[in-house]
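Subject: The structure you asked about

Hello,

Here is the structure, with the sequence alongside. Have a look at it first, and then read on for what turned up.

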Amino acid sequence: MKTTRLPRKATVLLAGLVLAALAGCGSADKGPAEALGTKGPARPAKAVPAVPPGLAGMPPLLDPHDVYAADRPNKLSPVVKDFPSRVYVPNTNSNTVSVIDPATYQVIDTIPVGVQPQHVVPSWDLKTLWVNNNRGHTLTPINPATGEAGKPVEVHDPYNLYFTPNGKYAVVMASMDKELVFRDPHTMDRVKTVPVTCYGVNHADFSADGRYFIVSCEFSGELLKVDTEKMEVIGQQKLPFEGAMPQDVKVSPDGKTFYVADMMAHGMWVLSGDKFETPKLLPTGKGCHGLYVSRDSKEMYVSNRGEGTISVFDFPKNKLTKKWELPDGGSPDMGGVSADGKVLWLSGRYNSEVYAIDTVTGEQLARIPVGGGPHGLAVYPQPGRYSLGHTGIFR
C-alpha cells in the first residue's frame with residue numbers, strides 16, 4: 001500500500017493546530033477555557049460540594065456568632081418546660097444527692113445513690129439526669145419530672161460525663177482508668193475506648209462546629225484535643241506551669257476561644273481551640289475551678305474555691321470586671337445558673353453547703369447545709385435545645 005507523505009510545512013502546521021487544541025483543555029485554575037475557533041467560554045467546571053458547617057447530625061447553631069444563643073432566660077425546651085425547678089447536689093462523701101427547692105432555699109429530698117457521686121449530668125435529650133458514681137462504677141438515672149431515681153447502670157470509673165453535639169455518643173471521662181469511653185447515650189453500652197497518656201481526664205467543652213473538643217487532664221497538667229467524629233486524640237500539650245491542675249473548660253460565645261480553669265495556677269488558661277497553641281494565663285483567684293456563662297452571653301462567672309470568691313469575666317471587654325466575696329468565706333466549686341439567669345448556684349466543696357448568689361450584685365442570697373463533699377451540682381431545668389453534659393452545657 002502506497003503511503004503519501006505530507007510536505008514538511010504541512011506537518012508543522014498540523015502539529016501546531018493539535019497543540020493549540022490541547023492548550024484549550026487547560027486546568028480550571030487558569031481561568032475558563034475557550035473552545036477552539038470561538039470567542040465564547042467553555043462549559044463551567046463541575047461545582048465542588050461545600051464542606052458541611054458542622055458535625056454531621058448536629059443541630060445548627062441559632063446564631064453562628066453565639067453558641068449560647070439558645071440559652072436565653074426562661075427559654076425552656078418543650079421537653080423540660082413542665083419539670084419542677086430544682087437544684088440537684090451530689091454529696092461525694094455521703095453517697096447521696098440533696099434536692100433543693102430554689103424558691104424556698106430548702107432541701108426537700110435526699111436521694112441515696114452509688115459510691116462517691118461526682119456530678120449530676122443532664123442527658124443530651126434533656127429527659128434524664130445522670131449521677132456519676134465514680135467509685136461505685138455506676139450511673140444513677142433520675143427522672144427530673146418526678147425526682148425519682150431509677151435502676152443504676154454499670155459504667156466503670158464515671159468521673160464525668162459528656163455528650164457529642166449530635167447526640168450520637170455519651171463520652172465518659174474515666175479519670176483513673178486513663179480513658180475516654182464513647183458509649184451509647186441511652187443504654188450506656190461501650191462503643192469505643194480511647195486510651196490516653198495523660199492523668200485525670202475530667203472536664204471538656206466542644207468547638208462551635210462540634211468537630212472537636214478540648215479536655216483537661218487534672219493530675220498531669222495537660223490538655224487534649226479530640227476529633228469528635230473519628231473519636232481520636234489529635235492534639236496534646238503540657239501546660240506551661242509547674243504543678244498545673246486544670247479543671248473546668250468553657251468555649252467563648254463566638255466559639256473562637258477556650259478557657260480552662262486551673263486550681264493551682266490560680267487562673268484561667270486562654271487559647272484558640274483551632275490553633276491549639278500554648279495558652280496564656282489570666283489570674284482570677286486562688287483555686288480557680290468552675291466556669292459558667294451568663295444568660296445574655298456577656299459574662300462568665302469563675303469560682304475561686306481556694307479563697308471563697310467569684311470572679312466575673314466580661315467577654316466583649318475581654319477582661320475581669322468584678323470579684324465577689326462570700327461572707328464568712330467558703331469553697332465555691334461547681335454549679336450552674338438559674339433558668340431566669342438571676343441566681344448562680346455553687347456547691348461548697350469543703351463546707352458541706354451550697355451557695356445561691358445574685359448575678360447582678362454578687363450578694364449571697366442563701367447558704368444551704370447539704371451532705372458531705374458537695375460537688376458538681378445541676379440546676380434543672382435550664383434553657384437550651386440539648387445538653388453537652390457536665391453540670392449543664394446547653395446549646
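Let me start with a question: are C198 and C217 buried or exposed? Both of these cysteines are buried. Please keep in mind throughout that this is a predicted model.

**The disulfide**

C198 and C217 are joined to each other by a disulfide, with 2.1 Å from S to S. A search of the whole structure turns up one disulfide. The two cysteines are 19 residues apart and tie together distant parts of the chain: C198 sits in the loop between β12 (190–195) and β13 (201–206), and C217 belongs to strand β14 (residues 212–217). The disulfide is left-handed, because the torsion about the S-S bond of C198 and C217 is about -45°.

**An enclosed strand and its two partners**

The next thing to look at is strand β22 (residues 299–304). Six of its six residues are buried, so β22 is largely enclosed by the rest of the structure. You can see this on both faces: E299, Y301 and S303 are buried on one side, and M300, V302 and N304 are buried on the other.

β22 takes part in two hairpins, so to speak, one with β21 and one with β23. Strand β21 (residues 288–293) runs antiparallel to β22, and five bridges join the two. Within that pairing, C288 has N304 of β22 as its bridge partner. Five residues separate β21 from β22 in the hairpin, and S297 in the turn has a positive phi of about 65°.

With strand β23 (residues 309–314), β22 again runs antiparallel, this time through six bridges. Here the bridge partner of Y301 is V312 in β23. The hairpin of β22 and β23 has four residues between the strands, and G308 in its turn shows a positive phi of about 70°.

Two residues of β21 deserve a word. C288 counts as buried because its relative accessibility is 0%. V293 also lies in β21, and its relative accessible area of 12% is under the 20% limit, so V293 counts as buried. Leaving aside neighbours within four places in sequence, V293 is in contact with Y68, E299, M300, F315 and V337. The C-alpha atoms of V293 and P253 are separated by 8.7 Å, although their positions lie 40 residues apart along the chain when counted from one to the other.

**The open sheet**

Four strands make up an open sheet, in the order β17-β18-β19-β20, with antiparallel pairing. Its edge strands are β17 and β20 (280–283), each of which pairs on one side only. On average, neighbouring strands of this sheet are turned by 25° against each other, direction ignored. Four bridges hold the antiparallel pair of β17 and β18, and one bridge partnership there is that of V251 with F258 in β18.

Strand β19 (residues 267–272) includes S272. S272 is buried, since its relative accessible area is 16% and the limit is under 20%. The side chain of S272 reaches two backbone nitrogens: that of D274 at 3.4 Å and that of K275 at 3.2 Å. Beyond its neighbours within four places in sequence, S272 is in contact with K256 and E277.

**The nonpolar cores**

In soluble globular proteins, nonpolar side chains tend to be buried together. Which residues touch the most other members of the largest nonpolar core? They are F258, Y259, M268, L291 and M300, out of 26 residues in that core. The elements that give two or more residues to it are β14, β17 (246–251), β18 (257–262), β19, β21 and β22. β18 gives the most, with four residues.

M268 is a good place to start if you want to click through this core. Leaving aside its neighbours within four places in sequence, M268 is in contact with Y259, V260, A261, K280, L281, L282, T284, C288, L291, M300, V302 and F313. Apart from this core lies another, of 23 residues, including M173, V194, V201 and A204.

Best wishes

Terms used: Residues are numbered from 1 along each chain as its sequence is written. This is a predicted model: local features need pLDDT of at least 70, side-chain atom pairs count only at pLDDT 80 or more; totals for chains, interfaces and linings use all residues. Side-chain values use heavy atoms; hydrogens and water are left out. A disulfide is a pair of cysteine sulfur atoms within 2.5 Å. Buried means under 20% relative accessible area, exposed over 50%, partly exposed in between (1.4 Å probe, protein chains only). Two strands pair if DSSP finds at least two bridges between them. A polar contact is a pair of N or O atoms within 3.5 Å; within protein, one must be able to donate a hydrogen and the other to accept it, and residues adjacent in sequence count only if both atoms are side-chain atoms. Contact means heavy atoms within 4.5 Å. A nonpolar core is a set of buried Ala, Val, Leu, Ile, Met, Phe, Trp, Tyr and Cys residues joined through side-chain atoms within 4.5 Å. Axes are lines fitted to C-alpha atoms, for helices over the stretch in contact, and angles run from 0 to 180 degrees between N-to-C directions.
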